[in-house]
Amino acid sequence: MGDTVVPFLLTEDDLEESFFGEEPSVAYDPVFLSGDESGRVLIDLINTLTHGSHPEAVDHAAGLYTNVVGSVVFHHVARFRGEAAQRILQEFADALHKCDSYRMQLNDGMQFDVTKVAVESLEDITGEGLVTRWVTTSDGYRIEGSWAVAVSGDILSFVNVRLPDPAGIHRLARTALERVEAGTAPS
């Protein structure tokens with residue numbers, strides 16, 4: 001899988017800092033533990049996107065980029081049958097608006113409390129999309145992160161970042177969506 005959507009992935013050149021591409025790992029695989037039930041919907045959607053296992057996905061690709069100061073960019077792109085991409089975006093939006101917080105666990109046993117800070121429209125795009133800002137905490141440590149979910153035609157793009165600049169998620173999401181809309185790989 002991935003042949004038709006790999007060209008739409010963000011690359012190291014799209015990132016303003018010095019990032020290094022890595023093999024996307026399934027070690028993340030969050031599991032919902034408690035909190036708002038809509039958090040379970042979000043976790044399930046993220047896992048099906050990460051693994052390309054959504055029953056209506058016809059192609060999928062993922063990229064993972066990290067840097068030395070701990071910033072992370074995950075990017076998942078999937079092509080869906082029919083109107084599925086638009087429906088999944090709506091499922092994300094509905095769950096995001098209902099969810100204030102949840103607790104999750106990763107494969108390594110680490111547990112995190114995740115609290116929504118804001119849901120915003122993804123501006124200056126041709127398709128549809130939204131950005132959510134989260135604060136994730138565990139035993140005295142705090143991470144601020146953001147998700148951007150956007151659709152153009154039959155392609156859904158999901159960008160998950162831990163970046164110090166809050167404008168970074170908007171820029172990366174727009175870059176990814178512009179690539180999809182242009183139907184071209186970066187030059």
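**View 1. Contacts across the chain in this predicted model.** Take the contacts between residues at least 6 apart in sequence: 61% of them join residues at least 24 apart. The protein has 187 residues, and buried ones make up 49% of that number. As for the outside, the accessible surface comes to about 8,900 Å², with 49% of it belonging to carbon and sulfur atoms.

**View 2. The run of helices and strands.** Here we've got three helices and nine strands. Reading from the N terminus, the order goes β-β-α-β-β-α-β-β-β-β-β-α.

**View 3. Inside the largest nonpolar core.** Nonpolar side chains tend to be buried together in soluble globular proteins. This core holds 30 residues, and the ones touching the most other members are Phe80, Phe92, Tyr102, Trp147 and Leu156. Which elements chip in two or more residues? On the helix side they are α1 (37-51) and α2 (84-98), joined by the strands β4 (72-80), β5 (101-105), β6 (111-121), β7 (128-138), β8 (141-152) and β9 (155-162). The largest share, eight residues, comes from α2.

**View 4. Zooming in on Phe80.** Leaving aside residues up to four places away in sequence, what does Phe80 touch? Its partners are Leu49, His54, Glu56, Ala57, Val58, Ala85, Ile88, Asp154 and Leu156. Leu156 also turns up with Phe80 among the core residues that touch the most other members.

**View 5. A second core.** Apart from the largest nonpolar core lies another one, made of 16 residues. Leu122, Leu163, Leu172 and Ala173 are among them.

Terms used
Residues are numbered from 1 along each chain as its sequence is written. This is a predicted model: local features need pLDDT of at least 70, side-chain atom pairs count only at pLDDT 80 or more; totals for chains, interfaces and linings use all residues. Side-chain values use heavy atoms; hydrogens and water are left out. A nonpolar core is a set of buried Ala, Val, Leu, Ile, Met, Phe, Trp, Tyr and Cys residues joined through side-chain atoms within 4.5 Å. Buried means under 20% relative accessible area, exposed over 50%, partly exposed in between (1.4 Å probe, protein chains only). Helices (H or I, at least four residues) and strands (E, at least two) are DSSP runs, numbered from the N terminus. Contact means heavy atoms within 4.5 Å. Accessible areas come from the Shrake-Rupley method with a 1.4 Å probe; for residues, only the protein chains shown count as cover.
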